[in-house]
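Work through the following exercises with the model in view, and try each task before reading its solution.

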Amino acid sequence: YFSGPKVRWLLDNVDGAREKAEAGDLVFGNMDTWCMWNLTGGVDGGLHITDVTNASRTMLMDLNTLAWDEEIAQIMGVPMSMLPEIRSSSEVYGEVKTGGLTGIPLAGILGDQQAATFGQTCFSPGEAKNTYGTGNFMLINTGTELVQSKSGLLTTVGYKIGDNDPIYCLEGSIAITGALVQWLRDNLKLIKAAPEVEELARSVEDNGGLYIVPAFSGLFAPYWKSNARGVFAGLTRYVNAGHIARATLEATAFQSREIVEAMATDSGVTLDSLKVDGGMVQNDLLMQFQADLLGVPVIRPQVAETTALGAAYAAGLATGLWNSEEDLRENWQEGKRWEPKMDADKRDEYYKYWKKAVTRTFDWFDAAE
């Protein structure tokens, strides 16, 4: 996830790498840097740059100054000469020097989840998006304030447009969401294809008292317990395949609510809606339950590929295709909205048993194991 320690490992374990790095003959970058380097000429004068969002995922950048931290780099054993120049997320960096796109300006760089946040036009403090994929990634805009989380979230740069001040975000990552549906398909053989989970889940009225906590490789935010393991809680003979399918979907919504609560605790901002994207947002049952569980509208955009859209928005701002963030808001279009329908007492009852189930996963292994 963070690339700085990986560089250290390479320098320590690849023959000759440390010597080349110390001599200034070895450079490093995340995937964005590699793409930019090659698109702008590679060894024949390619740009060795990154943006603030990708730089923030190295563990080597100071989030306050947006510059490489020499002390951290020294502690980690990564020579400063290896590091790319840090630029904003939206500016004209150069032109494509090779292939069919020669001459096209390169003008937007954003990390994956930050690009999705930008593509969802979450430009104001308190606006948030949740990406539903193999895992889930939720980001909330905290404005120009760098909020240090006390609730197990990650503080990151959200984006920086040209010479403007950087915008920060809090991020909550969930390890297993869509992957639980895959597990249902591949390991339990309850469905043949992932989309079938919704039909199976609709065959029952509720979860039948079953809660599935998919701590397959531990719990991510907000717990960060690597020695947790998954549980089925509340099993009775009444439970059938439909209940298992429904509890599988609900696990994603429950975990997402935990992130929302952590964000509210850290930022002091209460969500009034949640924008969503990713493969699982085509599941109407899940999205309705998510709205019910949060008590706020859940909104899916017309353009589902919000990561690519965010990068395009950043490039369009830099090249004058759009003039302001307000232009981007007007370009963004709502695709579908789910309004909460569940009453508060029922919502709280569901969530109470989820929290109870989560505690059953804790410390399955001792720390020493």
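**Exercise 1.** Across which strands does helix H10 lie, and at about what angle to S15 is it running?

Solution. Helix H10, residues 284–294, lies across S7, S13, strand S14 (298–301) and S15, and it runs at about 60° to S15. Helices (H or I, at least four residues) and strands (E, at least two) are DSSP runs numbered from the N terminus, and angles run from 0 to 180 degrees between the N-to-C directions of axes fitted to C-alpha atoms, for helices over the stretch in contact (heavy atoms within 4.5 Å).

The model is predicted, local features need pLDDT of at least 70, side-chain atom pairs count only at pLDDT 80 or more, and totals for chains, interfaces and linings use all residues. Residues are numbered from 1 along each chain as its sequence is written, and side-chain values use heavy atoms, with hydrogens and water left out.

**Exercise 2.** Trace the sheet from edge to edge.

Solution. Begin with the order S9-S10-S8-S7-S13-S14-S15, an open sheet of seven strands with mixed pairing, where two strands pair if DSSP finds at least two bridges between them. Strand S9 (154–159) and strand S15 (334–338) are the edge strands, each pairing on one side only. Neighbouring strands are turned by 30° against each other on average, direction ignored.

**Exercise 3.** Describe how S7 pairs with S13, and find the helix H6 that packs on the sheet.

Solution. Strand S7 (residues 128–132) pairs with strand S13 (residues 274–277) in the parallel sense over three bridges, and Lys129 has Lys275 in S13 as its bridge partner. Helix H6 (residues 112–119) packs on the sheet and touches S7, S8, S9, S10 and S13, its direction making about 125° with that of S7.
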